[in-house]
Amino acid sequence: MNLLRVALDVPLALLFDYALPETLQATLGDRVVVPFGTRQRLGIVAGAASESEIPAHKLRPIASVRDDAPRLSPEWLELMRFLAGYYQRPLGETMIASLPPRLRSVKPLPRRSPRDAGAAGDGSSPARFVPSHVPTAAQARAIERIGATLGAFHAFLLHGVTGSGKTEVYLHLIARAIDRARQALALVPEIGLTPQLEARFRHAFPGARLAVLHSGLNDAARTSAWLAAARGEADIVLGTRLAVLAPLPRLGLLVVDEEHDSSYKQQEGLRYSARDAAVYRAKLAGCPVVLGTATPSLETWHNCLAGRYERLELPERASPGSRLPDVRVVDLRREPAEQGFAPSLVAAIGKRLALGEQSLVFINRRGYAPVLACHACGWAAGCERCTAHLVLHKADPRLRCHHCGAAAPIPRACPTCGNADLSAMGRGTQRVEEALAARFPKARLVRIDRDSARRRAELPRTLEAIRRGEADILVGTQLLAKGHDFPGLTLVGVLNADAALLSTDYRAPERLFAVLEQVAGRAGRRDRPGEVMVQTRYPGHPLFAALAGHDYAGFAASQLAERRAAGFPPFVHEAALRAEAKKLDSAMRFLREAARLVAVPAEVRVYDPVPHIVTRRAGLERAQLLVQSPSRAALQDFLAAWSARLFQTAPRTLHWHLDVDPIEFD
Ligand SMILES: [Zn+2]
Ligand SMILES: [Zn+2]
């Protein structure tokens, strides 16, 4: 009798033994239906065995083998094993959750209709490539260099300033991959960016079979695109992070556009980084991976400096005559803001209005924790145990370090200058719209953010109206920074940049630089030069000098030096254990006890637990503790042992998860 090991979507890290009846044929990578308890479940054959710990008479048989989708390849199984192991999730859960919902069901797919091509494009004619223009010298160099590595693993950073034509480089490389009868996978950070890129791909490759994969598709469309990828029918697969999990039997090129974007990290279930998974996939497939961005993540930059990734530069904007905007800081200590605006920024907006040009007021507002700061001298409360800033917890009331868990009383006055009027940074941007409307009563104001679903639904129309010039002043948050092109926009004013400089999250300056460079990239893309004005109380911060010089390398060098000195990633590796419970005490107790569950090796450091600043969410209190090690291998070994114990011992009344390489601290 044949024994197979089946992965099932249950919260256990093991595989389950089943007997394969002689009437059925199944092998590694097959989807099978098996009895589990009193019901049937869909599983994936992940191994074979010669004998089982389960006595033969108790061993249950596989009920059926599914042939409605291609068998999953050994390479795909290996990817799943890697992700489950690295991110500490059960293998079965990882595998099954990676399938489109219809293929997770025990019910077979409806029979394939002849029209079910999956990938659009008739595929009857070989894919032609229509480049949009002759590549610039820098583009041509990048195309030649990356093109020369097709057929072997190689990781590239394509570092190109905004408007430098990274997409054109991707298109040329995809054309070469298709020529070699290979599939290309292109990842974008946002669903909203897929239609734009899809149109560009379709235009460049008339007749190519293109499949689009993201979470916004209905089940039928997602299944059909996934099948087109998995059957090897699609030449190009374009999608958001989940597309990196699709099987691609002819994979020959991976592209990760805007690789620095935090939406590549999944924030629930398998908390994977699609960018890191893409690099691993390229290794498995033996093909190049291209990480493209104007503002690389410091991890990627560090990998280039260490020689693991090769860096290619596109230093100029692609369209002739177009140049990068001028960036200058507005010193709020000399020019105090009224209702949030420095007088010189108000004057600059007024000038644009008179010229009939557009201005964008960009509000840096992410979930930054409130840091206690002195507005008179710039002092900010810092942790004595590590170098992070302390966060004001009003409920306690105390200052707490969100990195190491240290706590301190709230000082009555600034320890540097004696000012008694200390307040938390990161406030005071609520009334920006009203303030602008009061100053410029005749201007047409448009606000763009993701605060309401209604606004989100209207977004494409709003953006089009802005492009047609039907707005004078745009007020927006992070959403506006991504990939939109407004030809009439010549001024960008940035409010509240300081919250990021004082943030407890060591990644905040990196994100601020990225978002400001992106926002700046919106200004003056055509013949009119753009201008960016950043309001700050810290005009001497190296971030602003780097921004003014569009000097990413300089900025990265200063940030990496700080991170090395402070012992933050990429010089150490991290994981966070988070807990949610009805009472904060239970979450904190769970974390404290978890820290003692297994022996901690010398190379690994487990910090004290910290309550979240906005603790209550959906009626639950949240807390987390951080684990750190300079050795990735030591951290991985510890996490494997730790999570096995956690899965065994954690109370069922409490939600917990491990986040490996976490990127959000709040
Ligand atoms: Zn002070
Ligand atoms: Zn600390």
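These are my notebook entries on the domains, helices and strands that I looked up in this structure.

**Entry 1, ground rules.** I am working from a predicted model, in which local features need pLDDT of at least 70 and side-chain atom pairs count only at pLDDT 80 or more, while totals for chains, interfaces and linings use all residues. Residues are numbered from 1 along each chain as its sequence is written, and chains are lettered from A and ligands numbered from 1 in the order in which they are written.

**Entry 2, domains.** I looked up the domain assignment of the chain, which gives domain 1 (2-103), domain 2 (137-314), domain 3 (326-368 + 427-564) and domain 4 (573-660); such bounds come from an automatic or database domain assignment. I then turned to domain 1 and domain 4, whose C-alpha centres lie 29 Å apart. Their contact takes five residues from domain 1 and six residues from domain 4, where two residues are in contact if their C-beta atoms, placed from the backbone, lie within 7 Å. On the side of domain 1 that touches domain 4, I noted four nonpolar, one polar and no charged residues. In these classes Ala, Val, Leu, Ile, Met, Phe, Trp, Tyr, Cys and Pro count as nonpolar, Asp, Glu, Lys and Arg as charged, and the others, Gly among them, as polar.

**Entry 3, helix H2.** Helices (H or I, at least four residues) and strands (E, at least two) are DSSP runs, numbered from the N terminus. I found that helix H2 (residues 91-98) is largely enclosed by the rest of the structure, because six of its eight residues are buried. Buried means that 20 or more other C-beta atoms lie within 10 Å of a residue's own, with C-beta atoms placed from the backbone (12 or fewer is exposed, and in between is partly exposed). The buried residues of H2 are Leu91, Gly92, Thr94, Met95, Ile96 and Ser98, and what covers them includes strand S1 (2-8), strand S4 (39-49) and helix H1 (74-86).

**Entry 4, helix H1 against helix H7.** I followed H1 to helix H7 (residues 274-285), with which H1 packs at an angle of about 145°, the axes being 10 Å apart. Axes here are lines fitted to C-alpha atoms, for helices over the stretch in contact, and angles run from 0 to 180 degrees between N-to-C directions. From H1, Glu75, Glu78, Leu79, Phe82 and Leu83 meet Ala277, Tyr280, Arg281, Leu284 and Ala285 of H7. By class, the residues of this contact of H1 with H7 are seven nonpolar, no polar and three charged.

**Entry 5, helix H3 against helix H4.** For helix H3 (residues 137-147) and helix H4 (residues 166-179) I noted a packing angle of about 35°, with their axes 10 Å apart. Gln139, Ala142, Ile143, Ile146 and Gly147 in H3 meet Glu168, Val169, His172, Leu173 and Arg176 in H4, and the contact of H3 with H4 divides into five nonpolar, three polar and two charged residues.

**Entry 6, strand S24.** I recorded that eight of the nine residues of strand S24 (residues 573-581) are buried, so S24 is largely enclosed by the rest of the structure. S24 pairs in the antiparallel sense with strand S27 (residues 621-629) over nine bridges, and two strands pair if DSSP finds at least two bridges between them. The bridge partner of Glu580 in S27 is Arg622. S24 also pairs with strand S28 (residues 655-660), in the antiparallel sense over six bridges, and there Ala576 has Asp659 as its bridge partner.
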